[in-house]
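Please work through the exercises below with the sequence and the coordinates open beside you. Each task is followed by a solution in steps.

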Amino acid sequence: MAGTEIDVKYVAHLARISLSPAEEQKIGAQLGNILGYIEKLKELDVSQVEPTAHAVPLINVTRPDEIRPSLPTDEALRNAPAKANGLFLVPKIVE
Amino acid sequence: MEYEAVIGLETHVQLKTKSKMWCGCANEFGAPPNTNVCPVCLGMPGVLPVANDEGLRLTVLTGYLLHCTIPRFAKFDRKNYFYPDAPKNYQVTQYDKPSTANGYLDFEFNGGMSRVRITRAHLEEDVGKNFHFDRNSGVDFNRAGVPLLEIVSEPDITSPDMAYAYLNALKDVLVYGGVSDCDMEKGMVRCDVNISVRPKGQKELGAKIEIKNMNSFSGARKALEYEIPRQIEVLTKGGKLSQETRRWDDVANITETMRSKEQAHDYRYFPEPDLMPFEPTEAWLEEVSKRVVELPLARKQRFMVDYELPAPDAETFVNDVPLGDYFEKAVASAKNRKAIANWVINNLRAKITETQIPLAEVKVKPNDIPELVALVDNGKISSKIAQDVFAEMFTSGDSPAQIVEKKGLAQVSDTGAIEKLCDEAIAANPKSVEDYKAGKVAALNSLKGQVMKLSKGKANPALVGEILEKKLKA
Ligand SMILES: [Zn+2]
């Protein structure tokens, strides 16, 4: 099946992953094939079918507005690569 | 060429819930960093968010307050982007099936009424808060996952002042409705502005420019006051505007382009698989609609029309709802409405401020006020005595008639009794009598004061004047 063109560089940027030229080639082809299958699905007439919002037939799952214990701050920060004064430290944010 | 501005606003308000939207962490401002966080709002793997029912109710309540339609099907979606304050790398929001749509907000502006249409008010979640240091930034996720309502207006706004009036009116509605405290200092309200300019009369819109980072309503107004002439100048100089996002710098008071890479809006929305759709039932909607309150503007207009009150009095009863409710009970069967408003605003409110006794515990019953007004209007007591009677009502809770009776405060309109007092005053003040006879009309007031004093304030002042004059001219 003919693959569909996909801008692998752009998609990789959106997902914040860096790919080598070889990977771009390989993954681009794979993604193209996947899109090709989806093109095939488009042949089905679904004009009379409601879009599925969720695969599980459940609605209105809610909880009452009650406060429950949070994590101790040490625990919350335990996996942080860098922390200080209770804050997660990240590279400087430039707006 | 003349240009006009086309402005739409996206206003974000934090909902007044006890806990966050998807987890039980407290929705609380000012806690130490990262103390109201848990695996759900930190976006850890394997967790399952569950919708806070009060967050859903407040969203739909806002819809009712803004005259929106409430679709019977709403769902949540993921808006994907990377930013350090978004712990999950997506924000849960409502993309194509929001909880409310197609409403409007009416407000007073420029001496008349204005209407701005509301495209939608949808539920989403707030993000964490960033702190910037010299070499790095720090993130506090206490705010992440707090229910946030995004209220999107149609581009019906035409000036910075109108934007400002809209924002204030919107805030009034939300505070009044109990949806949000809208405390600007605590960042509970934020807004983004969409603005374009076009030659007056042209149908097509100009390039839409988004301005972010305004943390006050006056900031939004200032940003627009800067941005509109800037865009017009670009066009008049023959330049071209293109769609972009600008950032308001509230120190330099200018807007500036945000770096173009960050403007690439490609959020790849898709349905949130962890949350189920919401289909409000008839009964649920009925419960929510019971919480709809009369809006400030409607209340003001009703007080002005129904009770014939001047605007400032009506506004007093809008800003102090319990006092207004009290006035409504007091005025129910009364004729002299303005007098009742005066007693409630000038006397009752002053006493409450003075004594710090809350209105709910005040002993003066609402129907005692019209009784007091009637005693004055019928000449039973003077308006001066009425002040004393009111003070006694406030202390004892007795009715005005009881107090007048018990303390013998009824106005004396008995001519014989007043004549006697007048004779006494004339005899005791020969100087005033002489002055009056010499043509000093003011001397009569001094004599009148003496008679009132002798009567302990109970003599009918009009009658006293009449009798004195008669006697002195004799
Ligand atoms: Zn949490």
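The exercises concern a predicted model, and they treat the fold of one chain before turning to its contact with another.

**Exercise 1.** Determine which elements chain A has and in what order they run.

*Solution.* Begin by counting the elements, which gives three helices and three strands for chain A. Then follow the chain from the N terminus, where the order of the elements reads α-α-β-α-β-β.

**Exercise 2.** Compare the radius of gyration of chain A with that of a compact globule of 95 residues.

*Solution.* First take the reference value, which for a compact globule of 95 residues would be near 12 Å, and set against it the 22 Å of chain A. Next consider the C-alpha trace, which spans about 55 × 45 × 25 Å along the principal axes of chain A. Finally examine burial, where a residue counts as buried if 20 or more other C-beta atoms lie within 10 Å of its own; buried residues make up 7% of the 95 residues in chain A.

**Exercise 3.** Describe the side of chain B that touches chain A, by element and by class.

*Solution.* Start with the contacts, in which 40 residues of chain B meet 31 residues of chain A. Assign them to elements: β2 (51–52), α1 (53–65), β7 (129–132) and β8 (136–140) of chain B each supply at least two residues of this side, and β8(B) gives the largest share, five residues. Sorting by class then yields 19 nonpolar, 12 polar and nine charged residues.

**Exercise 4.** Find how strand β1 of chain A is joined to β2(B).

*Solution.* Locate β1 at residues 62–63 of chain A, and note that two bridges join this strand to β2(B), the two running parallel. Then identify the residue opposite A:T62, which is B:A51 in β2(B).

Conventions
Residues numbered from 1 in each chain as written. Chains lettered and ligands numbered in written order. Predicted model: local features only at pLDDT ≥ 70, side-chain atom pairs only at ≥ 80, totals over all residues. Contact = placed C-beta atoms within 7 Å. Helix = DSSP H or I, 4+ residues; strand = E, 2+ residues; numbered from the N terminus. Nonpolar A, V, L, I, M, F, W, Y, C, P; charged D, E, K, R; others polar. Pairing = 2+ DSSP bridges. Rg over C-alpha atoms; globule rule 2.2 N^0.38 Å. Buried ≥ 20, exposed ≤ 12 C-beta atoms within 10 Å, placed from the backbone.
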